[in-house]
Amino acid sequence: MSLPADFLWGFATASFQIEGATKQDGRGPSIWDTFCEIEGKIAHGANGDVACDSYNRTAEDIKLLKELGAKCYRFSLSWSRIIPLGGRNDPINQKGLDHYVKFVDDLLEAGITPFITLYHWDAPDALDKRYGGLLNRTEFPLDFESYARVVFKAIPKCKNWITFNEPWCSSILAYSTGYFAPGHTSDRTKSPIGDSSREPWIVGHNLLVAHGRAVKVYREEFKPANGGQIGITLNGDYTYPWDPEDPEDVKAANRKIEFAISWFADPIYFGKYPDSMLEQLGDRLPTFTDEERALVQGSNDFYGMNHYTADYVKHKTGAAHEDDFLGNLETTSYDKNGNCIGPETQSFWLRPNPEGFRGLIVWLSKRYGYPPIYVTENGTSIKGENDLKPPEILNDEFRVKYFHDYAHALAKAVSEDGCDVKGYMAWSLMDNFEWAEGYETRFGCTYVDYEGGQTRTAKESGKQMKGLFDSLIKND
Ligand code: PNW
């Protein structure tokens, strides 16, 4: 069992979760700055004002990456640092842009390959206010295209680009459940605005088109001279039927992956939405115009895979509720025979199930023709971790085991199942702002002391990552 000699591994983060410095050097507010101000949205009223202070500690972060032995680093850009008001006719903030240019230079100097995510959920707030942000089918893709062009032009040394992180979360969690910014939902106890039956499907469509536009720009204007590759990162759990003997549960288990992943991946690889979604959602799912389809179909140089957990799936009978986004089914932690999917963590949605990682890599490879895959996130929280302090919190055995088991599952998908996985980035380089859960839930391979000046101390999981991948990668 082994991974190819050129296999890349490293860590991942996102701008709003680590940077802080939300008002420094001309950055404009993002929808997450605004969302954090609404009472009751974030645990303990936390916000991103300081976070890990990474904007002011790039040298420290690069040193940490080197110490851990990382070959690559995935991070995201804050759009509103670069274009504070976000739009294609709005001014560029040179200081914000220069910050990232230098960061990439410094990473390369340290021998670390950068993977840049253009959008990890922190849309410029001005665009949300100006025209409804991600809901706007014409303006949003054009403004995203323009922002992408500014960045591609400024950072030709970066050869690995991800347009969007987890459009499923940007659509469902932000426009259906209202759990993420900007918090739209039909539930009027949570938000005065939103239509969970329609908005998430519109947003998903617009994100696909925006992705397609940025890819076209990259391929036509930059790739010929710079080389490089570009793709989108999708998230999804693996699934098992609650009752493997029940054909309806078997179908529902597959349908859940289609609603999470194929919603985006089918248009990208096949030019159309999955039949299961068309059947359930009808005309609530937007129709691709010919121009849109041409932008979207064939727009991935690689598949970016974020993956954390698996679920058992039980089908529902009768018509789906109009706000349903799972595919008319329910998910459970135990199957019919009482088998448990995996142990609890601090995150209600996450239970480790390493076999499911291999299962999903194989599922994706078969459906999409064995594309090159980069695992752009994988990791876990630990139940009660935040109650610990150093040195106990540094000894994160649960996370060490998670990474060990998941990396071995990945290696089997490559060496035994023939899947083309080229890289792996652990979530996350360090503890950080875990969205609605604030700083309560930690995902870091490095401990961040939020009370003690944001100091970083590697946990066991961070220290063992190099040994883990060295043991799996063939040396030529
Ligand atoms: C991903 N869910 O988010 C994100 O890309 C990261 O920014 C985040 O910190 C990480 O995973 C850990 O949560 C998700 O509810 C958040 O299914 C929630 C879900 C999935 C992914």
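1. A polar contact is taken here as a pair of N or O atoms within 3.5 Å, and the structure to which this is applied is a predicted model. On that basis W427 makes such a contact with the ligand, because one of its polar side-chain atoms lies 3.2 Å from a ligand oxygen atom.

2. Two further side chains can be read in the same way. For Y308, a polar side-chain atom is placed 3.1 Å from an oxygen atom of the ligand, while for E434 the corresponding distance between a polar side-chain atom and a ligand oxygen is 2.5 Å. As for burial of the ligand, which has 450 Å² of accessible area on its own, the protein covers 94% of that area.

3. The wider surroundings of the ligand consist of 14 residues, of which the closest are Q17, H120, E377, E434 and W435; E434 thus appears in this group as well as in the polar contact described above. Sorted by class, the shell comprises seven nonpolar residues, four polar ones and three charged ones. The space that the ligand takes up is the largest pocket.

4. Turning to the aromatic residues, a search through the whole structure returns 51 aromatic pairs. One of them joins Y402 and Y406, whose rings are stacked, with 4.0 Å from centre to centre and 15° between the planes. The pair counts as stacked because planes under 30 degrees apart are assigned to that class.

5. Where do Y402 and Y406 lie? Both belong to helix α14, which spans residues 397-415, and they are four residues apart, or about one turn of the helix.

Definitions and conventions. Residues numbered from 1 in each chain as written. Predicted model: local features only at pLDDT ≥ 70, side-chain atom pairs only at ≥ 80, totals over all residues. Heavy atoms only, no water. Near = heavy atom within 4 Å. Polar contact = N/O pair within 3.5 Å; in protein donor to acceptor, adjacent residues only side chain to side chain. Areas by Shrake-Rupley, 256 points an atom, 1.4 Å probe, with all protein chains shown as cover. 1 Å grid on protein atoms, 1.4 Å probe; cavity = no way out; pocket = protein on both sides within 12 Å on 5 of 7 lines; lining within 4 Å. Sits in = over half its atoms within 2 Å of the grid points. Nonpolar A, V, L, I, M, F, W, Y, C, P; charged D, E, K, R; others polar. Phe/Tyr/Trp six-rings, centres within 6.5 Å; stacked < 30°, edge-to-face > 60°. Helix = DSSP H or I, 4+ residues; strand = E, 2+ residues; numbered from the N terminus.
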